[in-house]
Amino acid sequence: MSQIDGLPPLREVIAEHDLRAKKELGQNFLLDLNLTARIARSAGDLTDVTVIEVGPGPGGLTRALLAAGAKKVIAIERDERTLPALAQIAEAYRGRLEVISADALEVDYGALAEGRTKIVANLPYNIATPLLTGWLSQEPWPAWFESLTLMFQREVAERIVATPEDKAYGRLGVLSGWRADARIAMNVDRNAFTPPPKVTSSVVHIVPKPVESDVPVRALEEVTRHAFGQRRKMIRQSMKGLGVPLEALFAAVGLKGDERAETLPVSTYIALARDVARLRG
């Protein structure tokens, strides 16, 4: 399947609009519509779903999402060079594509949600992690989105799904493990992109889950920042900067203080964050 709709092949679209990917925007375009269709399927049934897409570029994934039956796609694009190409897609899928020209880091995504909403994106690599942590830190929780289906560099994907004792386990794995169920849905070879990035990429599918409501996100961020900031040290050393009595804190959650950050389960970090907030009153 080289085409999924009646629109021109993506290479022709890129040539027509002179859309060379910009490194400073973290752009790597996917031109294989078979592949973008697989990514769209990774997000599950899109019938009656509003999809928010970040960084559509020339619109390969955008077209796949629309062809897969998304009720509406809201595409956030900073690069104004791509707007004419996206306008062609909007014309072909009348009333189903809204393009917002904006910096993805400054968008109020919750305000864009319409009914059942999912986020599906080949994220610009230079802003992928801050976007994800922002979405996973939403309050109240569970958030307004049903799921996130996102492309990352492979090493970032491994950090998202990592568990204790994994080499990649760290702050991102704790936040993700606390608030969601995450899995790597598929890997994407670097040569699938134009231009090819230096590393393999992965699509991660993330589904929010209910969590304890009395754990401040900021406290968890602070605890994990200290713990993993000096991950090879025992936590009694790495967590000194928290500014709370560590003996009381560790006793409350059943720790001795000689443990290391990468060995502690997500549940322990949640307990630590809760008690840090309590000790601070």
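Begin by selecting residues 35-210, where UniProt, in an unreviewed entry, places the feature "domain: Ribosomal RNA adenine methylase transferase N-terminal". The coordinates in the viewer are those of a predicted model. Within the selection, helix accounts for 30% and strand for 27%, and the C-alpha atoms at the two ends of the span lie 32 Å apart.

**Stop 1: helices H1 and H4**

Select residues 10-17, which form helix H1, together with residues 83-92, which form helix H4. Two packed helices are described by the angle between their axes and the distance between the axes. Here the axes come within 9 Å and cross at roughly 135°. H1 is therefore oblique to H4. To display the contact, show the side chains of Val13, Glu16 and His17 on H1, then those of Pro84, Ala85 and Gln88 on H4. Sorted by class, this contact of H1 with H4 comprises three nonpolar residues, two polar residues and one charged residue.

**Stop 2: Asp18 and Asp48**

Continue to Asp18, in the loop between H1 and strand S1 (29-30). Its phi is near 55°, a positive value in a residue other than glycine. Most residues other than glycine have a negative phi, and most peptide bonds are trans. Asp18 is partly exposed, with a relative accessible area of 41%.

Next, select Asp48, found in the loop between H2 and strand S2 (50-54). Asp48 also has a positive phi, near 65°. The relative accessible area of Asp48 is 47%, so this residue is classed as partly exposed.

**Stop 3: Ser42 on helix H2**

Helix H2 covers residues 33-42, and Ser42 is found in it. Is Ser42 buried or exposed? With a relative accessible area of 15%, Ser42 falls under the 20% limit and is therefore buried. Show its partners next: leaving out residues up to four places away in sequence, Ser42 touches Thr149, Arg183, Ala185, Met186 and His205.

**Stop 4: two cis peptide bonds**

Select Trp141 and Pro142, whose connecting peptide bond is cis, with omega near 0°. Pro142 is found in the loop between helix H5 (128-136) and strand S6 (147-153).

Then move to Thr194 and Pro195, which are likewise joined by a cis peptide bond; omega is about -10°. Pro195 occupies the loop between strand S8 (193-194) and strand S9 (201-208).

**Stop 5: the nonpolar cores**

The largest nonpolar core holds 61 residues. Which of its members touch the most other members? They are Trp135, Phe152, Met239 and Tyr269, and these four make a suitable next selection. Helix H11 (residues 266-279) gives the most to this core, with seven residues.

Centre the view on Phe152. Residues up to four places away in sequence set aside, Phe152 touches Leu123, Tyr125, Ala128, Leu132, Ala157, Ile160, Ser201, Ser202 and Val204. A second core, separate from the largest one, has 36 residues, including Ile4, Leu10, Leu19 and Val188.

**Stop 6: Ser238 and Leu242**

Select Ser238 in helix H9. Its relative accessibility is 1%, so Ser238 counts as buried. Apart from residues up to four places away in sequence, Ser238 touches His226, Ala227 and Gln230.

Now select Leu242, in the loop between helix H9 (235-238) and helix H10 (246-253). Leu242 has a relative accessible area of 2% and is therefore buried. Its contacts, not counting residues up to four places away in sequence, are Glu222, Val223, His226, Leu249, Val276 and Arg280. For a distance to display, take the C-alpha atoms of Leu242 and Ala227: they are separated by 9.8 Å, and the two residues are 15 apart along the chain.

**Stop 7: Met234**

Finish at Met234, in the loop between helix H8 (217-229) and H9. At 28% relative accessibility, Met234 counts as partly exposed. With neighbours within four places in sequence left aside, Met234 is in contact with Gly257, Asp258, Glu259 and Arg260. As a last distance, draw a line between the C-alpha atoms of Met234 and Glu77. The separation is 44 Å, for residues 157 apart along the chain.

Notes:
Residues numbered from 1 in each chain as written. Predicted model: local features only at pLDDT ≥ 70, side-chain atom pairs only at ≥ 80, totals over all residues. Heavy atoms only, no water. Axes fitted to C-alpha atoms, helices over the stretch in contact; angles between N-to-C directions. Helix = DSSP H or I, 4+ residues; strand = E, 2+ residues; numbered from the N terminus. Parallel < 35°, antiparallel > 145°, perpendicular 65-115°, else oblique. Contact = heavy atoms within 4.5 Å. Nonpolar A, V, L, I, M, F, W, Y, C, P; charged D, E, K, R; others polar. Core = buried A, V, L, I, M, F, W, Y, C linked by side-chain atoms within 4.5 Å. Buried < 20%, exposed > 50% of the residue type's maximum accessible area, 1.4 Å probe, protein only. UniProt positions renumbered as here; feature names shortened; annotations may be inferred.
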